[in-house]
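Hi everyone, thanks for making time. Have a look at the sequence and the model on the screen, and I'll talk you through the parts I'd start with.

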Amino acid sequence: MSAEEESRLARVALTWLAEPGTRAVHRLVERHGPVATLELLLDGGSPDGWLHTTVAARSAAGDARAVAAEALERADRLGARLVTPDDEEWPAQVAGLATLRLPDVSRRVDGETAPPLCFWVRGGWPLGEALDRSVAVVGARAATGYGQHVATELGYGLAERDWTVVSGGAFGIDAAAHRGALTAGGLTVAVLACGLDRPYPMGNAALFDRIAETGLLVSEWPPGAEPLRPRFLIRNRVIAGGTRGTVVVEASARSGATQTARRAIHANRVAMVVPGPVTSAMSVGAHEFLRENPKARLVTGVAHVLEEVGRIGADLAPLARGPQRATDDLDDDMRSLLEALPRRGAMGVDRLSARAGVDVRTALRKLSLLEELSMVVRREDGYALAPPVRPKRATAAETSGLPGT
């Protein structure tokens, strides 16, 4: 076995011995390399008591190297590949997870947020290229029709603009975002919390196959790994750290989606939230996240998202404006004169100028301009508002489709 093959095997074995994201393992690999770290842990030389216990328990269930070799063979049969930091397609941005520290941590899963040791990938795109211009769209599994509509629109709009849509493949918002990107003919990536051959949820198996055909299925766990509950939070740090920003579309009071956004903020990525109805239980968590995190940004569509994650000063969202009115470009004097005119009938210049608070000379000049703009008409007894332009009524011949005489 070559040194490269031994290194790859060791990374797989380490991921099996200790869950991905384990900081003690990451530090050892950075210091000694994966092969020496594996030998150290298997010899019982872990500097961390919890890690020592975990490695001993896993080792009692099988030989780590044999398990890793079997996983590589299984992946080959599946049409999947192993990607490590030594490969050209490795996504460099996940290295930023080394500095991810969540405040007020009470659970081990919230503290073990180290960068991945390897990825299992199914699909033709290079992983690093796919994640280079990517946005995560996450949210509630029990999504409402509103949430699914918004997520689909975001997925479609981002993919249409050549951005990769990343999510977790779950029911609800995740699936809607993936489908939106697929409908646009764009690239989407599903980051799973289990082996690539055990898609979860099974109800989305057909969706995962579609994603693998044109995009990527990605996991840190080897083929055969089960979707255990803590693995979803471990997976979420990759969604947050591997993308330029995370958009939350609907999240209940206890939602993994807000945990992904929380990790995005502390990984120095952009966290965005789509507001929802204040009466909806599926928006409670999203709204609370906005209230509690000053760095979180409120977004209502693709333009807002791109303004946050795109090029500085280039991808600016247009300002929301109402319909353009004919009076928008008038100055204050002209507006005052229009407001002073009676809704019916005419008014002399002297009385009109007094009512508008404008001197007579200015009133005459401004009224002439308003007359040119067809907003007022001059009569013998003064000035009046111009009658509204009514649309031309179609003739009977036009409405019937018959040629005119």
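Before anything else, one bit of vocabulary: when I say helix or strand, I mean a DSSP run, at least four residues of H or I for a helix and at least two of E for a strand, numbered from the N terminus. Also keep in mind that this is a predicted model.

With that naming in hand, let's go to a loop. P201 sits in the loop between strand 5 and helix 10. The peptide bond leading into it, from Y200 to P201, is cis, with omega near 0°. Why point that out? Most peptide bonds are trans, and most residues other than glycine have a negative phi.

On the phi side, we have a couple of residues to look at. E250 has a phi near 70°, positive even though the residue is not glycine. You'll find E250 in the loop between strand 7 (245–249) and helix 12 (256–266). N268 is not a glycine either, and its phi is positive too, about 60°. N268 belongs to the loop between helix 12 and strand 8 (270–274). So are they buried or exposed? E250 is buried, at 2% relative accessible area, whereas N268 is exposed, at 64%.

Okay, on to the inside. The largest nonpolar core has 36 residues, and among those with the most contacts inside it are L14, V25, W120, I211 and L217. Several elements give two or more residues to this core, including helix 2 (23–32), helix 4 (49–61), strand 5 (188–192) and helix 10 (205–214). Which element gives the largest share? That's helix 1, with seven residues. If you'd like one residue to click on, try L217: setting aside neighbours within four places in sequence, its contacts include W120, A190, L196, F208 and I211. There's also a second, separate core of 32 residues, with V83, L100, V121 and A271 among its members.

Next up, helix 11. Eleven of its 13 residues are buried, so the helix is largely enclosed by the rest of the structure. Among the buried ones are F232, L233, I234, V238 and I239, but also charged residues such as R231, R235 and R237.

Let's stop at R235, which is in helix 11 (residues 229–241). What is the nearest side chain of opposite charge? It's D174, at 5.4 Å, and R235, though buried, has no salt bridge. The cut-off matters here: a salt bridge needs a side-chain nitrogen of Lys or Arg within 4 Å of a carboxyl oxygen, so that pair doesn't count. What the side chain of R235 does reach is the backbone oxygen of V191, at 2.7 Å. Its contacts, again leaving out neighbours within four places in sequence, are G168, V191, L192, A193 and W221.

Now for the charges that do pair up. Side chains of opposite charge can pair when their charged atoms come close. How many salt bridges are there? The count comes to 14.

Staying with helix 11, E19 forms a salt bridge with R231, with the closest N and O atoms 3.0 Å apart. E19 is in the loop between helix 1 and helix 2 and R231 is in helix 11, so this pair links parts of the chain 212 residues apart. R231 is buried, at 10% relative accessible area. R58 joins in as well: E19, R58 and R231 are linked in a network of salt bridges.

Another one is R8 with D87, at 3.1 Å between the closest N and O atoms. R8 is in helix 1, D87 is in the loop between strand 1 (81–83) and helix 6 (108–111), and they are 79 residues apart. D87 is partly exposed, at 23%.

And then D197 with R74, at 3.0 Å. That pair connects the loop between strand 5 and helix 10 to helix 5, 123 residues apart in the chain. Here D197 is partly exposed at 26%, and R74 is partly exposed at 33%.

Last topic: cysteines. A disulfide is a covalent bond between the sulfur atoms of two cysteines. This structure holds zero disulfides. Why does C118 not form one? Its closest cysteine sulfur is in C194, 15 Å away, which is too far for a bond. C118 is buried, at 1% relative accessible area, and C194 is also buried, at 1%.

That's my tour, thanks for listening.

Notes: Residues are numbered from 1 along each chain as its sequence is written. This is a predicted model: local features need pLDDT of at least 70, side-chain atom pairs count only at pLDDT 80 or more; totals for chains, interfaces and linings use all residues. Side-chain values use heavy atoms; hydrogens and water are left out. A nonpolar core is a set of buried Ala, Val, Leu, Ile, Met, Phe, Trp, Tyr and Cys residues joined through side-chain atoms within 4.5 Å. Buried means under 20% relative accessible area, exposed over 50%, partly exposed in between (1.4 Å probe, protein chains only). Contact means heavy atoms within 4.5 Å. A polar contact is a pair of N or O atoms within 3.5 Å; within protein, one must be able to donate a hydrogen and the other to accept it, and residues adjacent in sequence count only if both atoms are side-chain atoms. A disulfide is a pair of cysteine sulfur atoms within 2.5 Å.
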